[in-house]
Amino acid sequence: MIDIEGQPILTAAEMRAAEDAVIACGVSVETLMNRAGTAIAHVVRRLAGVNEVLILCGPGNNGGDGYVAARVLAEMGATVRVAALSKPKTAAAKSARAGWSGVVETLAEAKPAPIIVDALFGTGLTRPLDAEPVPTLSRSPADAGAQLSSKGYPDGLLCAPASAGEQTVVGRLHFLANAAQLRIAVDLPSGLGTDSGQALSKPPVFNLTLALGAVKPAHLLQPAARYCGHIRLLDIGVPTTSQAEVLKPPTLANPGPDAHKYTRGMLAVIAGIMSGASDLAALAAMRAGAGYVTLLGDTAGPPHALVRTPFSDHALANDRIGALVIGPGLGRDGIARSRLEAALTSNHPLIIDGDALRLLDPERIKALKVPVILTPHAGEFDALFGKSDADKITRAREAAVLTNAVVVFKGADTVIAAPDGRVRIAQGASDWLSTAGTGDVLAGAIGAMLAAGLDPLDAACAGVWLHGDAARRLGPAFIADDLAEALRSARGAL
Ligand SMILES: NC(=O)C1=CN([C@@H]2O[C@H](COP(=O)(O)OP(=O)(O)OC[C@H]3O[C@@H](n4cnc5c(N)ncnc54)[C@H](O)[C@@H]3O)[C@@H](O)[C@H]2O)[C@@H](O)CC1
Ligand SMILES: Nc1ncnc2c1ncn2[C@@H]1O[C@H](COP(=O)(O)OP(=O)(O)O)[C@@H](O)[C@H]1O
Ligand SMILES: [K+]
């Protein structure tokens with residue numbers, strides 16, 4: 001099992017192409033399926049102990065992985081049962097099915113087990129599951145002569161009327177998952193759209209999802225990610241590369257003996273009508289490791305190390321400033337507009353957040369000649385780029401191209417996109433980040449990184465990482481002030 005930090009993220013089509021490339025070199029689909037099923041079996045064996053395992057198999061290759069896993073588990077001495085939705089359809093899944101010598105129960109009638117393994121659908125799911133009635137032996141009116149075939153299947157697809165919710169695929173999956181102590185999904189929880197991150201049907205929440213060969217967008221994007229539980233990657237010998245990767249911890253240099261405040265990066269934060277927001281951004285930048293932070297505006301208060309200076313063109317013209325944060329608490333009045341204009345023409349690398357994003361359009365941002373990082377939440381993103389049904393990765397990428405800026409599309413599934421197509425997606429964000437001011441903290445953290453001289457994508461990634469890690473360290477019910485302080489521990493843990 002491989003931790004997914006830094007791993008490539010592949011769409012369903014990219015994964016198929018990666019598999020096809022290996023297959024073209026003479027490796028059969030059956031071989032890949034055997035690798036996948038064997039790897040799954042070893043994980044399940046380790047986690048299940050002596051408990052009975054029920055593997056739910058679908059008609060495609062995801063189901064094929066399930067049959068292989070069942071066979072290998074049985075060979076290892078595990079107590080394992082298999083329940084199928086319907087007969088295997090692909091050649092590889094048929095061959096995997098043939099390798100399972102035990103009974104195949106119907107999904108409709110399978111009794112619960114303490115461990116369930118969902119191998120119903122993976123990357124091949126194309127439509128919601130709810131509409132699919134569950135084939136059954138005993139409940140179909142046309143069932144009189146139904147027999148298990150020599151392979152243990154109903155001969156023909158015997159469909160019970162889906163009167164009770166429980167008799168749909170999703171209903172049965174939820175029923176069996178609710179009764180289980182441990183829920184493991186093969187590749188993806190069944191019901192998720194691989195690329196969109198949408199829940200085409202709502203699966204149960206799994207404890208563990210075993211991504212096969214590569215991480216897929218649905219493992220990270222909401223709402224799909226919330227159903228996956230812990231995500232681990234299983235290597236099936238398919239080389240993968242992608243412009244999109246899971247966010248990983250940054251490599252940041254600590255100050256050396258030659259360091260002084262300016263070598264560690266000087267950040268300026270422009271204040272506006274809500275001084276708390278710019279205070280948070282400034283504090284966050286200091287705790288993320290900036291050497292010198294100046295807050296330009298009419299604000300007062302601690303910390304003493306923060307250099308508070310009235311806003312002026314002269315203060316802005318300081319050429320030691322390595323980056324400038326504008327937007328947190330800026331407001332949208334005349335003063336806000338004139339400060340924004342001054343920032344845009346200051347020639348400093350920019351982090352544009354909050355209110356400043358509401359005062360700009362993509363053309364104006366694209367025309368800037370300095371490195372720019374935009375940090376919109378979903379509302380600011382829609383206002384700047386328009387609403388769209390496209391997935392979050394595509395939207396972030398298009399926005400980055402349109403503005404020639406690094407775009408940090410925030411949320412529980414923050415997507416960071418660069419204009420050259422590179423994408424990084426954060427995993428495991430604390431839901432407790434949903435509190436006022438945490439975005440201001442993020443802008444400050446990213447500002448510290450940009451001021452320190454990191455390239456814009458690296459700066460954005462480092463800031464998002466530190467922010468996410470600080471939140472994880474804090475646990476529940478923290479406030480943005482705590483988060484800014486906790487950046488120090490996050491930085492120290494690198
Ligand atoms: N292709 C390969 O080389 C490998 C594939 N692997 C596995 O194969 C999976 C992908 O296999 P498939 O492409 O066969 O796809 P799936 O097994 O995910 O399912 C596709 C099948 O389900 C049908 N289907 C789609 N939506 C449905 C719905 N809502 N209700 C009922 N039926 C529906 C499709 O028509 C197709 O028959 C991966 O997730 C992974 O688990 C692994 O075995 C590794 C190797
Ligand atoms: N439910 C959530 N789970 C994880 N992270 C979240 C969640 N909601 C918000 N966040 C994160 O918290 C921060 C909120 O930023 P933002 O919406 O700009 O808030 P504010 O303007 O109050 O500072 C972003 O970094 C975002 O990614
Ligand atoms: K699955």
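This is a guided tour of a predicted model, moving from the whole chain to single residues.

**Conventions**

In this predicted model, local features require pLDDT of at least 70 and side-chain atom pairs count only at pLDDT 80 or more, whereas totals for chains, interfaces and linings use all residues. Residues are numbered from 1 along each chain as its sequence is written, and chains are lettered from A and ligands numbered from 1 in the order in which they are written.

**The whole protein**

Begin with the complete protein in a cartoon representation. It has 15 helices and 17 strands; helices (H or I, at least four residues) and strands (E, at least two) are DSSP runs, numbered from the N terminus. Along the principal axes, the C-alpha atoms fill a box of roughly 90 × 45 × 45 Å. Of the 494 residues, 54% count as buried. A residue is buried if 20 or more other C-beta atoms lie within 10 Å of its own, exposed if 12 or fewer, and partly exposed in between, with C-beta atoms placed from the backbone. Among contacts with a separation of 6 or more, 72% come from residues 24 or more positions apart; a contact requires C-beta atoms, placed from the backbone, within 7 Å.

**The seven-stranded sheet**

Next, select β1 to β7. These strands form an open sheet in the order β3-β2-β1-β4-β5-β6-β7, with parallel pairing; two strands pair if DSSP finds at least two bridges between them. Because β3 (104-106) and β7 (230-234) stand at the edges with a single partner strand each, one side of each is left without a neighbour in the sheet. Neighbouring strands are turned by 25° against each other on average, direction ignored. Axes here are lines fitted to C-alpha atoms, for helices over the stretch in contact, and angles run from 0 to 180 degrees between N-to-C directions.

Narrow the selection to residues 53-57 and 115-119. These are β1 and β4, which pair in the parallel sense over five bridges. Displaying Cys57 leads to its bridge partner in β4, Ala119.

Now add residues 61-75, helix α3. This helix lies across β1, β2 (80-84), β4, β5 (182-186) and β6 (208-212), and runs at about 155° to β1.

**The surroundings of ligand 1**

Select ligand 1 and the residues around it. The shell holds 28 residues, of which Gly60, Asn61, Asn62, Gly122 and Gly124 come nearest; a residue is near a molecule if its C-beta atom, placed from the backbone, lies within 6 Å of it. Both α2 (29-48) and α3 supply at least two residues of the shell, and α3 gives the most, with five.

Colouring the shell by residue class shows eleven nonpolar, eleven polar and six charged residues. Here Ala, Val, Leu, Ile, Met, Phe, Trp, Tyr, Cys and Pro count as nonpolar, Asp, Glu, Lys and Arg as charged, and the others, Gly among them, as polar.

**Strand β12 and its partners**

Move to residues 323-326, strand β12. Both of its faces are covered: Ala323 and Val325 on one side, and Leu324 and Ile326 on the other, are all buried. Add β9 (residues 266-270), which runs parallel to β12 and is joined to it by three bridges. Val269 has Val325 as its bridge partner in β12.

Then add β13 (residues 350-352), which pairs with β12 in the parallel sense over three bridges. Ile326 is matched there by Ile352. From β12 the chain passes through helix α8 (residues 334-344) to β13 in a right-handed β-α-β crossover; right-handed means that, with the strands pointing away from the viewer, the path from the first strand over the helix to the second runs clockwise.

**Backbone exceptions**

Most residues other than glycine have a negative phi, and most peptide bonds are trans. The last selections depart from this pattern or lie beside such a site.

- Asp187, in the loop between β5 and β6, has a positive phi of about 70° although it is not a glycine. Asp187 is buried, with 29 other C-beta atoms within 10 Å.
- Asn347, in the loop between α8 and β13, has a positive phi of about 75°. Asn347 counts as partly exposed because it has 15 C-beta neighbours inside 10 Å.
- Pro223, in the loop between β6 and β7, follows a cis peptide bond from Gln222, with omega near 5°.
- Pro303, in the loop between β10 and β11, follows a cis peptide bond from Pro302, with omega near 0°.
- Ala305 lies in the loop between β10 (292-296) and β11 (307-309). With 11 C-beta neighbours inside 10 Å, Ala305 counts as exposed.

How values were computed. Contact = placed C-beta atoms within 7 Å.
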